[in-house]
Amino acid sequence: MNPEFRHEQQRADLVMGVIAKEIARLKAETARRKDEVVNIRRHFWDEVKVNTDTFDDYLETIIGLRQEAQALSVSEGSHRHASRRLSTLQRMKESPYFGRIDFAEDDESIPEPFYIGISSLTDADGEEFLVYDWRAPVSSVYYDCQPGPAEYGTPGGTVRGTLEGKWQYLIRNGILESMFDTSLTIGDEVLQEVLGKRTDKQMHNIVATIQQDQNRIIRHDRGRLLIVHGAAGSGKTSAALQRIAYLLYKYREHMNADQIILFSPNTMFSSYVSNVLPELGEENMQQVTFQEYLEHRLGHEFQVETSYGQLETVLSDADTASKRSRVESIRFKSSVQFIEAIKSYSRSLASSGMRFRELTFRGRPIVTAEQMAEQFYGQDPELRLHSRLEKLKDWLLGEFKILQKDEWKKQWVQDEIEILSEDAYLKAHRYLAGKRGFTREAVADYEMEPQALAKLVVHMKLKPLRKLVRTYQFVDFGALYGQLFDDPSKIGQWTQGEMPGEWGDICRMTAAMLEDARLSHEDATPFLFLKELIMGFQSNNTIRHVVIDEAQDYTPFQFEFLKHLFPVAKMTVLGDFNQAIYAHADGRTDFSMLAGLYGPDQTELVNLTRSYRSTRPIIEFTRKLIPQGETIIPFDRDGERPSLEQVSDFKELHSRIGRRVHDLQRQGHQSIAVICQSAEEALYAYGSLSAIDGLKLIKNGTGEYEQGVVVIPSYLSKGIEFDAVIIYNASREVYGGESVRRLFYTACTRAMHALHLYSVGEPSPFLEDAVRGGTLQV
Ligand SMILES: Nc1ncnc2c1ncn2[C@@H]1O[C@H](COP(=O)(O)OP(=O)(O)OP(=O)(O)O)[C@@H](O)[C@H]1O
């Protein structure tokens, strides 16, 4: 062993010794804190004397309660803090750091070594840094600079100096296995090794090998909107997650994980990425899918179609006139033109067009829609729609009071009283006694007046109606949205832009869905948008950062909506238009539609062109599938060329796939995906490949990323990766039209180490170039 290597092992031993001591101390502390918390909880009420006899007693009780609650919260906080630190150190105990820079500040002649790991560590006195957190200002030199003059920003200003050297360490189980001088690029050797590994059930952090362009994304801190457009496998999701960890570190005094929200494509993806932040000692951000949000807001009013439901319809239906209208409908309803039309429509409602639901009581109308409209439009026209609705609500509640005054004398009330259950009668008695000022002990002395009981009965009968009014259900939002479609010629009032040729059909289709209390996916966001324009936006001011992954799948409408929903948040948007699979994105190649969202001064765009996921031969093949694919630079990792086998029927297809899976397993691949175009095809393939041991079918709604051999529809494989991918049927019949090119590309780019395509009959035309160029082995 050379002396330098020995010295480094000794240093690593020393640091691991400090970590071990700190772990022992923290274990004792967490145990002590835990006991403390249990103890406070157990004796909480012993310490508080509850006495509310006099005001002073009451005050004392409140103060006592507050003191105990405070003590509990301090102990819980300390316990949480110590446990988090403990779990971070557990991760560092056998691999304390992964890198080192030798940096000399301008006024120093001897460079100082800075060791970099997943978290900072000082010696026992807290004086010397043994390890620097990868997010510390000085660590940026490691990711960004080459030897020579270098600098890094700190809150106190820029520190300038010279980077003398840069090293990468591989320490496993406490043993320094290797160290590389990575002065020029950050350890291609290490990156080779990381990327060459088999996939795991979950995504891992990449802090040891972050690349310079990815670091720009992670540490970006200007403006409201960061847009990242990057090739498949370029590390967009990884960079986004490390960015969240970075923001949590940088703003640790002012921001916590609950104030960051990640919009994921589906719940399986959410589970796939949920390990990265805990691995770095951070709590997970909130995760949600846009569909979940739509369901949450609209699920009780409508049956809302999912985005995948929409996609399946577009994929599966034959090329009919109704499918063409549907595609046009999706495009139009996702466009900026439609946003503007809806804004204009909502403005027009200030003078006419509001729609209300008649209110009935005991089967008889008590306030008609016309009366409500009259009240609404009788108000000050300067008032906003929402304020006018509030006034209308108050008026309606007043009307109920008037109604109550007449109603209690009616015969139906007596009939109701007669059939009151004993329980209900007693409840009414207790309630009215309380109102008359009788104490609990004196309730029995109260003689209930029949009049009071009758009024109470009417009051109770009106309760559902009052609730309906308080929640603005008297506004007929379905009809309001429907007015955009009930007469095809009306749209001209709200937009001068060109309309799709199929507009008449689109109007008929939409009206029929609304009639049925169903909302197609493309209507859901516009519907909600209109509702919010009328009612005022329900915004969330606590979220400070919104991250949107697979952003190419969002419509301009959805972005506009999210901007309103999170008015104080910054946004990071990551996507790849070559993977845009929804009909609304046809023809789009970039995020220029986002330029206007926050304005150019607040927006920055970063492009990632280097792709890491797949081997070089796989990338050389997949980039041939898309226009301008040659701009994608493969990371130089060797592997086998993808293959294409043409078979004559499905029987042969299934037997060949069975054999292939077997081979791949023998080679050691653990996660193998048979990717199908649609859910329908996946179901058929799953049924036909049952001879494969442990085969699993992934469906929309599958919550966990499954390892092993899976059959999966292409669109659900987005964002995730597999050791080996088999394209179930890459034939012209399945992947013939331009509209599925991006879906096909997405499916093929999921492969890390091996990719095999099968085709029943003639292969897809997308493959011609690759076959001709020899990037696909036939
Ligand atoms: N700097 C890096 N160091 C190590 N691994 C990396 C690095 N960058 C990316 N990777 C790996 O490359 C793979 C692809 O990364 P990721 O899923 O983040 O890419 P993506 O751009 O989101 O892909 P897609 O758009 O195709 O879903 C992952 O396995 C990730 O760990």
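**Exercise 1.** Work out what span the 38 residues of helix 3 should have, and compare it with the distance between the end C-alpha atoms.

*Solution.* Helix 3 covers residues 55-92. Helices are DSSP runs of H or I of at least four residues, strands are runs of E of at least two, and both are numbered from the N terminus. The expected span is 1.5 Å times one less than the number of residues. For helix 3 this gives 56 Å, and the end C-alpha atoms are 55 Å apart, which agrees.

The model is predicted: local features need pLDDT of at least 70, side-chain atom pairs count only at pLDDT 80 or more, and totals for chains, interfaces and linings use all residues. Residues are numbered from 1 along each chain as its sequence is written.

**Exercise 2.** Find the buried residues of helix 3 and state what they pack against.

*Solution.* A residue is buried if 20 or more other C-beta atoms lie within 10 Å of its own, exposed if 12 or fewer, and partly exposed in between; C-beta atoms are placed from the backbone. By this rule the buried residues of helix 3 are Ser75, Ala82, Thr88, Leu89 and Met92. They pack against helix 1 (3-42) and strand 2 (112-117), where contact means C-beta atoms, placed from the backbone, within 7 Å.

**Exercise 3.** Place Gly235 and Thr237 in the structure, and decide whether each is buried or exposed.

*Solution.* An unreviewed UniProt entry lists both under "binding site", along with Gly230, Ala231, Ala232, Gly233, Ser234 and Lys236. UniProt positions follow the numbering used here, feature names are shortened, and annotations may be inferred rather than shown by experiment.

- Gly235 sits in the loop between strand 8 (225-230) and helix 7 (236-250). Gly235 is buried because 26 other C-beta atoms lie within 10 Å. Leaving out residues up to four places away in sequence, Gly235 touches Ile206, Gln214, Leu608 and Tyr612.
- Thr237 belongs to helix 7. Thr237 has 23 other C-beta atoms within 10 Å, so Thr237 is buried. With the same exclusion of residues up to four places away, its contacts are Val273, Asp549 and Gly719.

**Exercise 4.** Decide whether Asn173 and Arg362 are buried or exposed, and give the sign of phi for each.

*Solution.* Asn173 is in the loop between strand 6 (157-172) and strand 7 (175-181). Asn173 is exposed, because 7 other C-beta atoms lie within 10 Å. Its phi is near 45 degrees, a positive value in a residue other than glycine.

Arg362 lies in the loop between strand 12 (359-361) and strand 13 (364-367). With 10 other C-beta atoms within 10 Å, Arg362 is exposed. Phi of Arg362 is positive, near 50 degrees, and the residue is not glycine.

Technical notes: Contact = placed C-beta atoms within 7 Å.
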